[in-house]
Amino acid sequence: MTAAATGQVVRLQPETCGVLVIDWQEKLAAAMDPEVYPRHLKNALALVQGAALFRVPVVATEQYPQGLGPTVAPLREALAAEGVAAPVIAKKDFSAWAVPEVRAQVQAAGRTKWIVLGMESHVCVFQTVRDLKEAGFTVFVPRDAVVSRTRDNWKVGVKLCEAVGATATSTEAVLFDWVGRAEGDAFKAVSRLVR
């Protein structure tokens with residue numbers, strides 16, 4: 001994978017990565033493009049489940065859950081599963097990095113590379129990515145695991161993330177970089193996740 005800002009090749013190794021799940025909530029989900037949303041949810045689930053396989057820490061947020069509801073059920077279950085047990089932190093700031101509890105979790109994980117997925121790509125995802133980059137992290141945004149209410153805003157969000165130095169990637173690119181070889185139990189498990 002190539003880091004957009006530097007042109008240097010970056011290898012995603014599980015021991016250097018974390019996953020940040022931004023605001024994948026019920027009322028937001030209901031407003032998403034129904035042709036895009038199911039596939040992107042499947043990819044978000046694959047990334048969280050893949051993180052569990054490789055012991056990659058996961059942190060999740062909910063934007064104003066009193067109004068936007070909790071994290072969608074399939075993802076909420078994956079975040080609570082054995083091997084993940086991700087903290088889900090409520091917030092009102094658009095940027096997750098602006099929330100002290102999120103910053104503490106990210107810093108405590110001790111990871112230098114963060115894979116950021118969630119809703120909406122042009123608001124909370126972008127602002128979080130911008131702040132993570134400013135804080136010195138290497139950031140990856142799987143284009144197929146971020147969504148916005150409109151495709152135009154999704155495209156804008158991904159471009160904005162790239163403009164601040166994040167690398168646009170895909171769910172499979174992340175997962176297979178973690179695997180590294182086409183053999184063994186991890187390869188078989190990841191292959192099942194992306195079917």
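The exercises below work through a predicted model of one protein.

**Exercise 1. Overall form**

Task: Decide whether the radius of gyration of the protein agrees or disagrees with that of a compact globule.

Solution:
- Step 1. The protein has 195 residues, and for that number a compact globule would have a radius of gyration near 16 Å.
- Step 2. The value for the protein is 15 Å, which agrees.
- Step 3. For the extents, take the C-alpha trace along its principal axes: the spans are about 45 × 35 × 35 Å.

**Exercise 2. Make-up, contacts and surface**

Task: State how many helices and strands the protein has, and what share of its residues is buried.

Solution:
- Step 1. The protein holds nine helices and seven strands.
- Step 2. Buried residues make up 51% of the 195.
- Step 3. Take the contacts between residues at least 6 apart in sequence: 80% of them join residues at least 24 apart.
- Step 4. The accessible surface is about 9000 Å², and carbon and sulfur atoms account for 51% of that area.
- Step 5. There are 22 positive and 20 negative charges, and their mean positions lie 3 Å apart.

**Exercise 3. An aromatic pair**

Task: Classify the ring pair of Trp97 and Phe137 as stacked, tilted or edge-to-face, and say where in the chain the two residues lie.

Solution:
- Step 1. The protein has four aromatic pairs.
- Step 2. In the pair of Trp97 and Phe137, the ring centres are 5.5 Å apart, and a pair requires centres within 6.5 Å.
- Step 3. The ring planes stand at 70 degrees; the cut-off for edge-to-face is over 60. The pair of Trp97 and Phe137 is therefore edge-to-face.
- Step 4. Trp97 belongs to the loop between strand E3 (88-91) and helix H5 (100-109), and Phe137 to the loop between helix H6 (121-134) and strand E5 (138-142). The two are 40 residues apart, so the pair links distant parts of the chain.
- Step 5. Both Trp97 and Phe137 are buried.

**Exercise 4. Around helix H6**

Task: Describe the backbone before and after H6, and list the buried residues of H6.

Solution:
- Step 1. The peptide bond between Met119 and Glu120 is cis, with omega about -25 degrees. Glu120 sits in the loop between strand E4 (113-119) and H6.
- Step 2. Within H6, the buried residues are Ser121, His122, Cys124, Val125, Phe126, Thr128, Val129, Asp131 and Leu132.
- Step 3. For reading such a list, an α-helix has 3.6 residues a turn, so residues three or four places apart point the same way.
- Step 4. Just after H6 comes Gly136, with a positive phi of about 100 degrees.

**Exercise 5. Positive phi outside glycine**

Task: For Tyr64 and Ala85, give phi, the place in the chain and the degree of exposure.

Solution:
- Step 1. Tyr64 is not a glycine, yet its phi is positive, about 40 degrees. The residue lies in the loop between strand E2 (58-63) and helix H3 (65-68).
- Step 2. The relative accessible area of Tyr64 is 39%, so Tyr64 is partly exposed.
- Step 3. Ala85 also has a positive phi, near 45 degrees, and lies in the loop between helix H4 (73-80) and E3.
- Step 4. Exposed means over 50%. Ala85 has 58% relative accessibility and therefore counts as exposed.

**Exercise 6. Ser191**

Task: Is Ser191 buried or exposed, and how far is Ser191 from Val179 in space?

Solution:
- Step 1. Ser191 is part of helix H9 (residues 184-193).
- Step 2. The cut-off for buried is under 20%; Ser191 has 18% relative accessibility, so Ser191 counts as buried.
- Step 3. Val179 is twelve residues from Ser191 in sequence, and the C-alpha to C-alpha distance is 10.0 Å.

Conventions:
Residues are numbered from 1 along each chain as its sequence is written. This is a predicted model: local features need pLDDT of at least 70, side-chain atom pairs count only at pLDDT 80 or more; totals for chains, interfaces and linings use all residues. Side-chain values use heavy atoms; hydrogens and water are left out. Helices (H or I, at least four residues) and strands (E, at least two) are DSSP runs, numbered from the N terminus. The radius of gyration is taken over C-alpha atoms; the globule rule is 2.2 Å times the number of residues to the power 0.38. Buried means under 20% relative accessible area, exposed over 50%, partly exposed in between (1.4 Å probe, protein chains only). Contact means heavy atoms within 4.5 Å. Accessible areas come from the Shrake-Rupley method with a 1.4 Å probe; for residues, only the protein chains shown count as cover. Lys and Arg count as positive and Asp and Glu as negative; His and the chain ends are not counted. The place of a charge is taken as NZ of Lys, CZ of Arg, CG of Asp or CD of Glu. Rings of Phe, Tyr and Trp (its six-membered ring) pair if their centres lie within 6.5 Å; planes under 30 degrees apart count as stacked, over 60 as edge-to-face and the rest as tilted.
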